[in-house]
Amino acid sequence: MKLADYLYENSQTPTQLRRMLGVQRRSTVWRYLTGERIPQPTILQKILDLTDGQVTLADFLDTSPPQCAKHVPHPRYGRRMVLPWSPDYPDDDPMGSNDNGPLTAPVVRALDVLGGRARFTRSGVFLLDGRSSDVRRIVQKANEVLRRRGEPTIAYP
């Protein structure tokens, strides 16, 4: 399993991984996720331990992109790969175009108010500014926006 897929499926962020590995540079972790860099043996061992062996050296040697990656148009390079934590990751409609699925009306309103900042993924995870979040925080941030606009806030438990 690719490292990016492991993080995505376990609702973890690159920042959380960076802290768990003790890596200082965000770009280093990003290169691990995109397959541009193979970790040093000590870091690879930490990754093996953190993922319970689900991510191995073979996954870093495999040149195929992570399953969670998407390719988007880029003006200079034609197309480029983006990961779920990228701000330009395509916003899929996981619940279908007219069905809000398990989302309640207040939550749908909060997602609408926040626009591209927040979304509910196909795997049932809320993302806020590209990071894993919970519904309470999403509604809280939406209410901050509504207060600044002078509009009524969203009532939510």
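A salt bridge is a side-chain nitrogen of Lys or Arg within 4 Å of a carboxyl oxygen of Asp or Glu. Keep that cut-off at hand for these exercises, and remember that the model is predicted.

**Exercise 1. Work out how Glu151 and Arg109 are linked, and which parts of the chain they tie together.**

Step 1. Look at the distance: the closest N and O atoms of Glu151 and Arg109 are 3.8 Å apart. The cut-off is 4 Å, and the pair forms a salt bridge.

Step 2. Place both residues. Glu151 sits in the segment after helix H7 (135-149), while Arg109 belongs to helix H6 (residues 105-114), so the bridge ties together parts that are 42 residues apart in sequence.

Step 3. Check the surroundings. Glu151 is partly exposed at 34% relative accessibility, and Arg109 is partly exposed with a relative accessible area of 34%.

**Exercise 2. Examine the salt bridge between Lys141 and Glu144, and decide how covered each partner is.**

Step 1. Start with the atoms: the closest N and O atoms of this pair are 3.6 Å apart.

Step 2. Find the pair in the chain. Lys141 and Glu144 both lie in helix H7, 3 residues apart, which is about one turn of the helix.

Step 3. Compare with the cut-offs: buried means under 20% relative accessible area, and exposed means over 50%. Lys141 has 18%, so Lys141 counts as buried. Glu144 has 30%, so Glu144 is partly exposed.

Step 4. Now widen the view. Salt bridges that share partners join Arg109, Arg149 and Glu151 into one network. The structure holds 5 salt bridges, including one between the side chains of Asp134 and Arg136 (3.8 Å, N to O).

**Exercise 3. Describe the setting of Thr34: where does Thr34 lie, is Thr34 buried or exposed, and what does Thr34 touch?**

Step 1. Thr34 is found in helix H3 (residues 26-34).

Step 2. The relative accessibility of Thr34 is 19%, so this residue counts as buried.

Step 3. Leaving out residues up to four places away in sequence, Thr34 touches Met81 and Leu83. The Thr34 side chain also makes a polar contact with the side chain of Glu36, at 3.3 Å.

Step 4. For context, an unreviewed UniProt entry carries the annotation "domain: HTH cro/C1-type" for residues 19-60. Over residues 19-60 the chain is 62% helix and 0% strand.

**Exercise 4. Two residues other than glycine, Ser11 and Asp52, have a positive phi; find where each one lies.**

Step 1. Ser11 has a phi of about 55° and lies in the loop between helix H1 (3-9) and helix H2 (14-21). At 27% relative accessibility, Ser11 is partly exposed.

Step 2. Asp52 has a phi near 55°, and its place is in the loop between helix H4 (41-50) and H5. Asp52 is exposed, at 67% relative accessibility.

**Exercise 5. Look at the surface: which residues form a nonpolar patch with Leu61?**

Step 1. The partners are Ile38 and Leu57; together with Leu61 they have about 260 Å² of accessible area.

Step 2. Leu61 lies in helix H5 (residues 57-61). With a relative accessible area of 52%, Leu61 is exposed.

Step 3. Finish with the whole chain. The protein chain exposes about 9500 Å², and carbon and sulfur atoms supply 48% of that area. Buried residues make up 39% of the 157 residues.

Key
Residues numbered from 1 in each chain as written. Predicted model: local features only at pLDDT ≥ 70, side-chain atom pairs only at ≥ 80, totals over all residues. Heavy atoms only, no water. Helix = DSSP H or I, 4+ residues; strand = E, 2+ residues; numbered from the N terminus. Buried < 20%, exposed > 50% of the residue type's maximum accessible area, 1.4 Å probe, protein only. Polar contact = N/O pair within 3.5 Å; in protein donor to acceptor, adjacent residues only side chain to side chain. Contact = heavy atoms within 4.5 Å. UniProt positions renumbered as here; feature names shortened; annotations may be inferred. Patch = residues over 30% accessible without salt bridge, like charges linked within 9 Å, V, L, I, M, F, W, Y side chains within 5 Å. Areas by Shrake-Rupley, 256 points an atom, 1.4 Å probe, with all protein chains shown as cover.
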